[in-house]
Amino acid sequence: MEKRESVERGIGVVRTYLEEQFPDLGVAVLDVSSTDFDRDIRRFRVGNAPGHLLRVSEEFLNLDPAEIERCLRQWPVAQALRRAGHAQAIVITTEGIKAEAI
């Protein structure tokens with residue numbers, strides 16, 4: 001499978017997870033920004049702007065969809081997004097999750 005197709009499939013898995021965890025809020029896949037392009041990051045926003053911001057590495061999105069879903073459920077992603085509020089973004093890589101200033 002081509003990397004782009006694999007990443008797009010991973011984006012779908014993350015989006016579905018976020019929609020399940022935040023059923024009353026909209027989920028948007030944002031365009032790649034210049035700073036994210038340098039790091040191969042895809043951005044998601046939960047809720048209306050500014051919303052909760054999630055940044056996910058393409059390396060993570062390139063994993064098998066079942067592995068992506070397992071990690072999202074095993075790691076406290078939804079809880080981290082809720083705690084981060086609008087002041088921080090949650091970043092997901094193949095190594096785990098962390099918060100960083102927006």
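These are my notebook entries on what I looked up in this predicted model.

**Ground rules**

I noted that the model is predicted, so that local features need pLDDT of at least 70 and side-chain atom pairs count only at pLDDT 80 or more, while totals for chains, interfaces and linings use all residues. Residues are numbered from 1 along each chain as its sequence is written, and side-chain values use heavy atoms, with hydrogens and water left out.

**Entry 1: the sheet**

I began with the strands, which, like the helices, are DSSP runs numbered from the N terminus (helices are H or I with at least four residues, strands are E with at least two). I found an open sheet of five strands in the order S1-S2-S3-S4-S5, with mixed pairing; two strands pair if DSSP finds at least two bridges between them. S1 and S5 (96-101) are the edge strands, and each of them pairs on one side only. On average, neighbouring strands of this sheet are turned by 25° against each other, direction ignored (axes are lines fitted to C-alpha atoms, for helices over the stretch in contact, and angles run from 0 to 180 degrees between N-to-C directions).

I then looked at the partners of S3 (residues 52-57). S2 (residues 41-46) runs antiparallel to S3 and is joined to it by six bridges, and here I saw Phe44 with Leu54 as its bridge partner and Arg45 opposite Leu53. The hairpin of S2 and S3 has five residues between the strands, and in this hairpin Gly47 takes a positive phi near 90°. With S4 (residues 88-93), S3 pairs in the parallel sense over four bridges, and Val56 stands opposite Ile92.

**Entry 2: is S3 buried or exposed?**

I used the definition that buried means under 20% relative accessible area and exposed over 50%, with partly exposed in between (1.4 Å probe, protein chains only). Six of the six residues of S3 are buried, so the strand is largely enclosed by the rest of the structure. His52, Leu54 and Val56 point one way from S3, while Leu53, Arg55 and Ser57 point the other way.

I looked more closely at His52, which is buried with a relative accessible area of 14%. Not counting residues up to four places away in sequence, His52 touches residues including Leu25, Phe44, Leu81 and His86 (contact means heavy atoms within 4.5 Å). A polar atom of the His52 side chain lies 3.2 Å from the backbone oxygen of Leu81.

**Entry 3: two neighbours after H1**

Phe22 and Pro23 caught my eye, as both belong to the loop between H1 and S1. Phe22 is buried, with a relative accessible area of 5%, whereas Pro23 is exposed, with a relative accessible area of 62%. Leaving aside neighbours within four places in sequence, Phe22 is in contact with Val46, Ala78, Leu81 and Arg82. I also noted that Phe22 and Gly47 are 25 residues apart in sequence and 8.5 Å apart in space, C-alpha to C-alpha.

**Entry 4: helices H4 and H5**

In H4 (65-74), I found Ile68, Cys71 and Leu72 buried. They cover an arc of only 100° around the axis, which puts them on the same side of H4 (the arc is that of the directions from the helix axis to the C-beta atoms). The face of H4 turned away from this buried side carries the exposed residues Ala66 and Gln74.

In H5 (residues 77-84), the buried residues are Val77, Ala78, Ala80, Leu81 and Ala84. Seen down the axis of H5, they fall within an arc of 160°, so they line one face of the helix. Gly85 follows H5 and has a positive phi, near 60°.

**Entry 5: which residues touch the most other members of the largest nonpolar core?**

A nonpolar core is a set of buried Ala, Val, Leu, Ile, Met, Phe, Trp, Tyr and Cys residues joined through side-chain atoms within 4.5 Å. The largest one has 25 residues, of which Val14, Leu18, Leu54 and Leu72 touch the most other members. Among the elements that give two or more residues to this core are S2, S3, H4 and H5, and the largest share, six residues, comes from H1. Not counting residues up to four places away in sequence, Leu72 touches Val13, Val14, Tyr17, Phe60, Val77 and Ile92. I added a reminder that, in soluble globular proteins, nonpolar side chains tend to be buried together.

Note on methods
Polar contact = N/O pair within 3.5 Å; in protein donor to acceptor, adjacent residues only side chain to side chain.
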